[in-house]
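Colleague: I have a new model open on my screen and would like to learn how to read its rings and pockets. Could you walk me through them?

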Amino acid sequence: DDMGKERPWLTLLDPSAQDYFPPNAKELPKYAKVDMYHYTMAAPLWEILPKVITSEVVEWWNREFEEVLIPPVEIDAKTKRLRLAP
């Protein structure tokens with residue numbers, strides 16, 4: 001789509017994230033940050049798949065916080081540059 005051509009970084013995000021960026025967003029986010037998580041499968045696949053087949057609720061992943069990659073930032077209204085959020 002055109003959005004991916006204009007801003008290719010959006011293709012790195014889950015498609016539902018596009019709701020938070022123009023032209024879909026009702027308003028722009030005030031802050032942004034990036035955290036790193038470590039994901040592991042909640043169980044071996046052979047234990048998860050029978051639950052999927054029987055329509056049970058399945059927990060696929062466990063996630064553990066690793067570190068802050070980019071602390072909360074905002075765009076300074078005067079300079080139009082990124083700055084650390086208060």
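Colleague: Let's start with the rings. How many aromatic pairs does the structure hold?

Modeller: Two rings count as a pair if their centres lie within 6.5 Å, and planes over 60 degrees apart make the pair edge-to-face. This is a predicted model, and it holds one aromatic pair. The partners are tyrosine 37 and phenylalanine 65, with 5.5 Å centre to centre and 80° between the planes, so the pair is edge-to-face.

Colleague: Which parts of the chain does the pair tie together?

Modeller: Tyrosine 37 belongs to strand β1 and phenylalanine 65 to strand β2, so the contact links parts that are 28 residues apart in sequence.

Colleague: And are these rings buried or exposed?

Modeller: Buried means under 20% relative accessible area and exposed means over 50%. Tyrosine 37 has 29% and phenylalanine 65 has 44%, so both are partly exposed.

Colleague: What sits over the ring of tyrosine 37?

Modeller: That is the charged end of arginine 63, placed 3.8 Å from the ring centre.

Colleague: Good, now the pockets. What volume does the largest pocket have?

Modeller: About 870 Å³. Its lining counts 20 residues, and the closest to the pocket centre are Phe21, Pro29, Tyr31, Ala32 and Lys33. The elements giving two or more residues to that lining are β1 (32–41), β2 (61–75) and β3 (82–84).

Colleague: Which classes of residue make up the lining?

Modeller: There are 14 nonpolar and six charged residues in the lining of this pocket, with no polar ones.

Methods: Residues are numbered from 1 along each chain as its sequence is written. This is a predicted model: local features need pLDDT of at least 70, side-chain atom pairs count only at pLDDT 80 or more; totals for chains, interfaces and linings use all residues. Side-chain values use heavy atoms; hydrogens and water are left out. On a 1 Å grid over the protein atoms alone, a cavity is a set of points where a 1.4 Å probe fits but cannot get out, and a pocket is an open set with protein on both sides within 12 Å along at least five of seven lines; lining residues have an atom within 4 Å of a point. Grid points are joined across faces, edges and corners, and a volume is the space filled by probe spheres set on the points. Helices (H or I, at least four residues) and strands (E, at least two) are DSSP runs, numbered from the N terminus. Ala, Val, Leu, Ile, Met, Phe, Trp, Tyr, Cys and Pro count as nonpolar, Asp, Glu, Lys and Arg as charged, and the others, Gly among them, as polar. Rings of Phe, Tyr and Trp (its six-membered ring) pair if their centres lie within 6.5 Å; planes under 30 degrees apart count as stacked, over 60 as edge-to-face and the rest as tilted. Buried means under 20% relative accessible area, exposed over 50%, partly exposed in between (1.4 Å probe, protein chains only). A charge sits over a ring if NZ of Lys or CZ of Arg is within 6 Å of the ring centre and within 35 degrees of the ring normal.
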